[in-house]
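Biologist: Could you take me closely through one part of this model, the sheet in chain A, and explain how its strands are arranged and what packs across them?

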Amino acid sequence: MATWLRRTRAVAHYLRRSSGRPSSSRVVLDRQGAPLPAVPPLGSVGIGGAAGRISPAPFPVFSAKRLESTRAEKHLVSVHEAEDDDTVEDDDDDDAQVLDFPGGKVAFTSRMQFIAESAEERVPCYRVLDDYGQQIENDCSAQVNEELAVKMYTDMVTLQIMDAVFFEAQRQGRISFYLTSMGEEAINIASAAALTDDDVVMPQYREQGVLLWRGFTLQEFANQCFGNKVDYGKGRQMPIHYGSNKHNYFTVSSPIATQIPQAVGAAHSLKMDKRSACVAAYFGDGSTSEGDFHAGLNFAAVMEAPVIFICRNNGWAISTHTREQFRSDGIVVRGQAYGIRSIRVDGNDALAVYSAVREAREMAIKDQMPILVEALTYRVGHHSTSDDSTKYRPMDEIEYWKMSRNPVNRFRKWVESNTWWDDKKEVELRNNIRKQVLQAIQTAETYEKPPLSDLFRDVYDTLPSNLHEQESQLRETIKRHPKDYPLDVPV
Amino acid sequence: MATSAAQRFGRRLASSVPRRRFSSSAAAAAATGGSAVQRTQNPSLNLCSAINQALHIALDTDPRSYVFGEDVSFGGVFRCTVGLADRFGKGRVFNTPLCEQGIVGFGIGLAAMGNRAVAEIQFADYIFPAFDQIVNEAAKFRYRSGNQFNCGGLTIRAPYGAVGHGGHYHSQSPEAFFCHVPGIKVVIPRSPSQAKGLLLSCIRDPNPIVFFEPKWLYRLAVEEVPEHDYTLPLSEAEVIREGTDITLVGWGAQLSVMEEACLDAENDGISCELIDLKTLLPWDKETVEASVRKTGRLLLL
């Protein structure tokens, strides 16, 4: 309980005891804590004040006139009456005043105090492994066995290599665009590992590792990046805008944070269908400035939706550092503002991310409530292939995070310390994956593009007459000007 | 003055019920399978009651359908959602926080999971915060995913249009903004019986739809509305008055005004053909084209 309230009640208690006043009478204290002169019970004041006299008090709480208009008395309860309210701890048997408003009971204070803009200390960050991959405490909450650990590690390496090779492919002009998750491999893979396949994932765009974990193949990734005819998205979107209904991974869309309120709607569906599953909505630090973030978290709390909000706070939104994004203590403190349980976790610690998301998932489903997980990390790569981040941040900062704070190396050390991994396996894995990614790119490149008809379909469930007309006109134009039509797009 | 004009049209509307009955009973006949005009006694309902009825039927016929928005729980500021929460429970009919982008975003997510989500925006004037969700998300949800996902179950309802005293922010007709967004449909009913059938179609149509309800007609328009579950086809315009000299195309509340204009024009010897577009996007070009071929003139209001 707040110190000030305790002190106020303690003083009231002492004063009442020392003056022999019955404990049930209300005491109003002035600012020094001294009781004000006794006033007759408020109910005895008649209209016009004929029945009694209110002695003039230096700090009048109620006047007859105010009583008439506000009927405040019925909202003014003593702590004894509020006893059945769990939130009021009644360890002292006095009665500091508590007022009833539509939002619930609040205690009075006569001390004007503003809540500071920030707490004295930042919310601490949960971690299981230290920077050298050693478990800090002999805490078995991680529950990661060999099979799981090796799958997590190999997927982190696969993600790393896939990102690097695809990035290069863009630089070579083979795909138009790419976006890496370098530095965030632990968030991607470990959070995905903590979810089940039934959990619905609503990503932003830097969560390809989650899709990888669920079984999306390197070939399927490549197909989307090349926009070929076997791309599940039918070649319509820019690269990295993956989506897979068989993996419960909603299609990426470029606008920021739009998935957040959608996640709440999806979670409400799971709740009403009584599914033992939750929604995991991912987003970055920049997303939290969007209105949709506010909308989503507020709705989630009110709807008691089983959704985990996973924020990848990687320090940058393209070139905008978090200091220019918000002034709160990161994202974790915002949770409480919405009435959402939250945790801050070391996003570069795979075990911490895994156990935090596991726990969050259990609470979300069992207690049907939203949870906010802020994973602190660093965006090692550029925002995308359209960005050169050395223009706005120092090279040595990038190098530091890439080498000394690398989540993949850190987890590797832990896995190796359990003798579940070694150098030989490492070399083999990296070679294999690299070959596979290159092969996937080669294969994706040879596929045709989707047919022309795919341009017009799926705008609606069926083709409306105006789009049918457009398609006919386009085909006529192509017939008239065949030389202007691209060779690799089947008509 | 606006008030007296409304009163004038109101009285005329009441007296023009016979005319309405012609088109609506044709619709009702269509709904009952094209049989001859039946003289069954259908109760007279106003527009908001017709919409209320449609919502009751929608929720009754699909257990995975939801109605939500600001103040819908107690019945809504226009009483369109009366009785729904009591009948179907708080999990399916509920108030949302005051946030249009949240309402539509939430609706998209709900619809994307295969549910029918009927979201209410309290006034069309307040739909703009949701414009991003509607244009960038709902409209493109199916296309951008290669048809792996869709939010076709989403219907967004909003009262639109002037009533005389609404001012800047309770009177807007923003339908045109949405008419340039492929992927959504825009539907506007002109009368109670049309509203019920069209709304049920919208709710069951597998595409996200914005349904604007002419609030001016909520209480003013009264006609017989068939009690059963019926739908009216989308993207089909209706010639509600035949003529030879000029084609007038309109939708929603203005049609009642246009009908008066047609009567006035008749006195001047001009024969007007009046078309209710009903669905503004995708619109029925064939019907309008056929009419203009006949009359040679087109006036869009």
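Modeller: What follows is a description of that sheet, strand by strand. This is a predicted model, in which local features need pLDDT of at least 70 and side-chain atom pairs count only at pLDDT 80 or more, while totals for chains, interfaces and linings use all residues. Residues are numbered from 1 along each chain as its sequence is written, chains are lettered from A and ligands numbered from 1 in the order in which they are written, and side-chain values use heavy atoms, with hydrogens and water left out.

In chain A, 5 strands make up an open sheet with parallel pairing, and their order is 4-5-6-10-9. Strands here are DSSP runs of E with at least two residues, helices are runs of H or I with at least four, and both are numbered from the N terminus; two strands pair if DSSP finds at least two bridges between them. The edges of the sheet are strand 4 (200-202) and strand 9 (341-346) of chain A, each of which pairs on one side only. From one strand to the next, the twist averages 20°, where axes are lines fitted to C-alpha atoms, for helices over the stretch in contact, and angles run from 0 to 180 degrees between N-to-C directions.

At one edge, strand 4 of chain A pairs with strand 5 (residues 279-284) of chain A in the parallel sense over 3 bridges, and A:Met202 has A:Ala281 in strand 5 as its bridge partner. Helix 4 (residues 185-194) of chain A lies across strand 5, strand 6 (307-313) and strand 10 (371-376) of chain A, contact meaning heavy atoms within 4.5 Å, and this helix runs at about 165° to strand 6 of chain A.
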